[in-house]
Amino acid sequence: MTTIKTARSQSNGHKWHARYPELGTEPLPLEVFTSKEQFSLEREHIFQKVWLNVCRVEQLPNPGDYWVKDIGVCNTSVIVVRGRDGQLRAFHNMCSHRGNKLIWAQQGNSSAFPCKFHGWMYGLDGTLKFVPDEEKFFDLKKDCLGLSPVHVDVWEGFVFINIDPDPQETLQDYLGEMAAQLTGYPFAECSATAFSWRSEVKANWKIVKDSFQEVYHVGCLHKRSLPDAFVSKDNPYTHVLDMKLFPRHGRASLFGNVAHQPSPVQTLSYKHGSILVRNGFSEQTLPVGINPTRSTNWSFELHVIFPAFFVVVSEGTYFTHQFWPLDVDRTIWESTTYFPKARNLAQRFSQEYSRIIFRDIFMEDARTVEETQSVLSSGAKQDFILQDYELLVRHSHNVVLNMITGKNDGRTFVRASKRAGEAHV
Ligand code: FES
Ligand SMILES: [Fe+2]
């Protein structure tokens, strides 16, 4: 993408939007969060077309291990399974006989997949192995009645699936340059200990997503839980250190206050490896996509992988968010914190302390997104107003718009429509 800086926007201090003038600065119509028609277009043109993260390889270490992901927005459930040959495969979780959902558990290990309804039996490779009372069927072609395959691929240990029977691009091409710039981060080592939360929130998936792709709210919403970790006298509004947009994805370097005064328990926690704000980092070991400006005030690198997967990386630890739309105003929200294997109880304590800090902060976000959604249909407002540091929000709404209107090559931005003659006060 061409980078154009205009003198006017630079002088106004709007440096991030000045980098991407093609995005415009118009208000965002809020009907994108309430329209059932929009939701159904997003289902058809986005979620049923793109690569979606469903788990990590550590959840499927052995032959026979399987992981089930119900994906309401794609109207399906998917089984990811490691075969006897060590390969990962994915299938629609649906029996070929009369459509029963084959596996009801979320995970497990099995040598085969029997259907609970009438006992049809499938191998780990999806082939139909056994049909009770087979001779009473009419011209049954067992070879053609295996499980329906789903495309699956892996990036840095993250397992992605694509529901589209003929994906338009490979996972590698889809993730593109942003993911390539993360190469070298020790995801495998840092993923030994995972803590997950899963919750249904009463809000549109983009309301939930947007609340995590800006930190403008940190100094206000999280002022009690994070009084000085991400704000300082010199940076009271948590201005990010850097932002970069990719055709569909986006990245931001988050500020951390190195003068943050930890409480006694935080001091103990930091000492054993858990972190909220770093005091120094190993510049040489971080890939170019992490803290690209090499700022000493850096805390986390936020990677927003379209449509709704966040990988938020710090040195030695990272966390993810995944948002799964259920309906226009309901979303499954999954968050996981990842740490290396604790070598002693002190490190374990430190990790536990960190995950509780994250949980408490996320609870503040969860309440807010539900309260926001609850008044969106009031008719009182028609637009959201975005400021310069909410660039990732604007970008991802433009990507959504591009994809549902058919300009889904990921390279063309379309401005949100502006109603003539309206004032925003
Ligand atoms: S629906 Fe699965 S065996 Fe009948
Ligand atoms: Fe937040």
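## A two-domain model, starting from a proline

Pro 307 sits in the loop that links β15 (298–305) to β16 (309–314). What kind of peptide bond joins Phe 306 and Pro 307? It's a cis one, with omega at about 5°. Keep in mind that this is a predicted model, so the angles here are values computed from predicted coordinates.

Two other loop residues have backbone angles worth a look. Most residues other than glycine have a negative phi, and most peptide bonds are trans. Thr 238 and Asn 291 go the other way on phi: neither is a glycine, yet Thr 238 has a positive phi of about 55° and Asn 291 one of about 50°. Here they are side by side:

| Residue | Phi | Loop | C-beta neighbours inside 10 Å |
|---|---|---|---|
| Thr 238 | about 55° | between α7 (218–221) and β13 (242–245) | 24 |
| Asn 291 | about 50° | between α8 and β15 | 25 |

Are these two buried or exposed? The cut-off for buried is 20 or more other C-beta atoms within 10 Å. Thr 238 has 24 such neighbours, so it counts as buried. Asn 291, with 25, counts as buried too.

Now zoom out to the whole chain. The secondary structure comes to 10 helices and 19 strands. Along the principal axes, the C-alpha trace spans about 80 × 60 × 40 Å. For 425 residues, a compact globule would be expected to have a radius of gyration near 22 Å; the protein comes out at 23 Å, which agrees. Buried residues make up 39% of the 425. If you take the contacts with a separation of 6 or more, 64% of them are between residues 24 or more positions apart.

The protein splits into domain 1 (9–45 + 183–404) and domain 2 (52–166). How far apart are the centres of the two domains? Taken over C-alpha atoms, 33 Å separate them. Where they touch, domain 1 puts in 9 residues and domain 2 puts in 8. On the domain 1 side, α5 (187–190) and β17 (317–327) each supply at least two residues, and β17 has the largest share, with 4. By class, that side of domain 1 has 6 nonpolar, 2 polar and 1 charged residues.

The largest nonpolar core has 99 residues. Which residues have the most contacts inside it? Those are Val 54, Ile 79, Val 80 and Ile 161. Helix α10 (residues 391–404) gives the largest share of this core, 7 residues. Both domain 1 and domain 2 give residues to the core, so it lies between them. In soluble globular proteins, nonpolar side chains tend to be buried together. Ile 79 gives a local view: beyond its neighbours within four places in sequence, it is in contact with Tyr 66, Val 68, Ala 90, Phe 91, Asn 93, Leu 102 and Ile 103.

Last stop, helix α9 (residues 345–374). At 1.5 Å a residue, its 30 residues should span 44 Å, and its end C-alpha atoms are in fact 44 Å apart, which agrees. Which of its residues are buried? They are Ser 350, Gln 351, Ser 354, Arg 355, Val 369 and Gln 373. An α-helix has 3.6 residues a turn, so residues three or four places apart point the same way. The buried residues of α9 pack against β12 (193–201), α6 (205–210), α8 (264–271) and β18 (330–339).

Key: Residues numbered from 1 in each chain as written. Chains lettered and ligands numbered in written order. Predicted model: local features only at pLDDT ≥ 70, side-chain atom pairs only at ≥ 80, totals over all residues. Domains from an automatic or database assignment. Contact = placed C-beta atoms within 7 Å. Nonpolar A, V, L, I, M, F, W, Y, C, P; charged D, E, K, R; others polar. Core = buried A, V, L, I, M, F, W, Y, C linked by C-beta atoms within 7 Å. Buried ≥ 20, exposed ≤ 12 C-beta atoms within 10 Å, placed from the backbone. Expected span 1.5 Å × (residues − 1). Rg over C-alpha atoms; globule rule 2.2 N^0.38 Å.
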